[in-house]
Amino acid sequence: MSTAAVDRLTLRSPDDWHVHLRDGVTLALVADLTARQFARAIVMPNLAPPVTTIAAARAYRERILGSIPAERTFTPLMTAYLTDRIDPEEIARGHAEGVFTASKLYPAGATTNAAAGVTDIRHIDGVLERMQAIGMPLLVHGEVVDDDIDVFDREAVFIERVLAPMLARFPELKVILEHITTREAVDFVRETGPGVAATITAHHLAFNRNAMFVGGIRPHYYCLPVAKREQHRQALRAAAISGNPKFFLGTDSAPHTVADKESACGCAGIFSAPVALESYATTFEEEHALDRLEGFASEYGPRFYGLPLNEGTVTLIRSPQVVPELVATGDLRIRPLYAGETLAWTFLQRS
Ligand code: NCD
Ligand code: ZN
């Protein structure tokens, strides 16, 4: 990274290692907001129906590329949605053919479109064995969803009951614990072998669970895994700025319509894509660690995935921006993170 002046930040082009681009009219609205800031993105497969086949992933990749202006260089990296009955052969062949970069484990019922997820990790031992053999990363939504587990304990209990035993069975499996939210996750990833890493979102670095309850219920701050108490946010911030390559950027930008968020049963997900880099830059600056942002955003992810670093750069300037209240087209309305608020940094360009 170079800071030619304190008011300008230039980084090697970053990647988003966890994003929801959706489909149809939403895809058309949001895809380029990710592509303008990031050179590549790991695209989540939780569509309805989920992306479980090579053919579905190829078709979805084409739709993504079709929603981005032709002059933009952007590579969507596709993922396979694991189910109890997924065919290990399809996963391995998809990886060999360069279609599936990784597979995603959603515990059944854990989050948006996770109904078809895995009901018991033992059901996919055959796939995990195959993935371990070919070096294909497993991306994990790390929450147990049993009724008797407190919502705020779901991640810590998952690590103890599911993740640690799974790694004992598959010690060479490459695993990324996605969107971590707890001190327990930070400690686990730090202390486990080099094949285990984690992504951290901008929003989990920026606020704690109080944000959902400031003066009333604030559905736009609700996501899964849900934000935890302040000590956990502090652990995430320390991990992000530590320079430890096991921790890297993944926004988990997850757009839902305003109507679906502001509802008696509101959807989980925070739409951070429009201001992702500005948000991370704010956190790193608050921690006096802007010099660590490039490693976190642009180097550790590709190294873990075994991919080349990007060649280009992105530039942010210290110039206040008022974040739009809505990102919208026709009657589709999505509220971005920091809607109506003023941010100190503004994304200028990726080249
Ligand atoms: C995501 C979504 O809406 O697809 N929601 C979220 O709160 N993060 C799913 C997920 O990653 O859990
Ligand atoms: Zn997600």
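In the predicted model, H20 is buried, with a relative accessible area of 7%. H20 takes part in the binding of a metal: the zinc ion (ligand 2) is coordinated by the NE2 atoms of H18 and H20 and by OD of D252, at 2.0 to 2.1 Å. H18 is likewise counted as buried, its relative accessibility being 0%. Along the chain, the donors of the zinc ion (ligand 2) follow the spacing H-x1-H-x231-D. The site of the zinc ion (ligand 2) has 4 donor atoms, and the angles among them run from 91 to 143 degrees. The geometry of this site is classed as irregular, because four donors count as tetrahedral only if all angles lie between 85 and 135 degrees.

Enclosed spaces in the protein were examined next. Rolling a probe the size of a water molecule over the atoms shows where empty space is left. The count of cavities of 30 Å³ or more comes to 3. The largest cavity holds about 100 Å³ of space. It is lined by 15 residues, of which H20, T111, L224, D252 and A254 are the closest to its centre. H20 and D252 are also among the residues that coordinate the zinc ion (ligand 2). By class, 5 nonpolar, 7 polar and 3 charged residues make up the lining of the largest cavity.

The second largest cavity has a volume of about 40 Å³. Its lining consists of H220, A254, P255, H256, K261, G269, I270, F271, I334 and R335. These divide into 5 nonpolar, 3 polar and 2 charged residues. A254 belongs to this lining and is also one of the residues closest to the centre of the largest cavity.

Among the open spaces, the largest pocket has a volume of about 230 Å³. Its lining comprises 14 residues, and those closest to its centre are P107, V118, T119, D120 and V162. Helix α5, residues 154-169, provides the largest share of this lining, with 3 residues. The lining of the largest pocket is made up of 9 nonpolar, 1 polar and 4 charged residues.

The backbone also shows several features of note. Most residues other than glycine have a negative phi, and most peptide bonds are trans. The peptide bond from A48 to P49 is cis, with omega near 0 degrees. P49 is placed in the loop between β4 (40-43) and α2 (54-66). A cis peptide bond also joins L224 to P225, where omega is about -5 degrees. P225 is found in the loop between α7 (202-206) and α8 (230-240), while L224 is one of the residues closest to the centre of the largest cavity.

Positive phi values occur at N113, Y338 and H288. For N113, which is not a glycine, phi is near 50 degrees. N113 lies in the loop between β6 (100-105) and α4 (125-134), and its relative accessibility of 35% makes it partly exposed. Y338, also not a glycine, has a phi of about 70 degrees. The position of Y338 is in the loop between β13 (332-334) and β14 (342-350). With a relative accessibility of 14%, Y338 counts as buried.

The positive phi of H288, near 55 degrees, is found after helix α10. Helix α10, residues 276-286, is mostly covered, with 8 of its 11 residues buried. The buried residues are A276, L277, E278, S279, Y280, A281, T283 and F284.

Finally, the cysteines were considered. The structure holds 0 disulfides. The closest cysteine sulfur to that of C223 belongs to C267 and is 13 Å away, so the two are too far apart for a bond. C265 is also in no disulfide, the nearest cysteine sulfur, that of C267, being 7.4 Å away. In terms of exposure, C223 counts as buried at 2% relative accessibility, whereas C265 counts as exposed at 67%.

Definitions and conventions: Residues numbered from 1 in each chain as written. Chains lettered and ligands numbered in written order. Predicted model: local features only at pLDDT ≥ 70, side-chain atom pairs only at ≥ 80, totals over all residues. Heavy atoms only, no water. Disulfide = S-S within 2.5 Å. Buried < 20%, exposed > 50% of the residue type's maximum accessible area, 1.4 Å probe, protein only. 1 Å grid on protein atoms, 1.4 Å probe; cavity = no way out; pocket = protein on both sides within 12 Å on 5 of 7 lines; lining within 4 Å. Points joined across faces, edges and corners; volume = space filled by probe spheres on them. Nonpolar A, V, L, I, M, F, W, Y, C, P; charged D, E, K, R; others polar. Helix = DSSP H or I, 4+ residues; strand = E, 2+ residues; numbered from the N terminus. Donors = N, O, S within 2.8 Å, 3.2 Å for Na, K, Ca; no water. Tetrahedral: all angles 85-135°; square planar, octahedral: opposite > 155°, others 65-115°.
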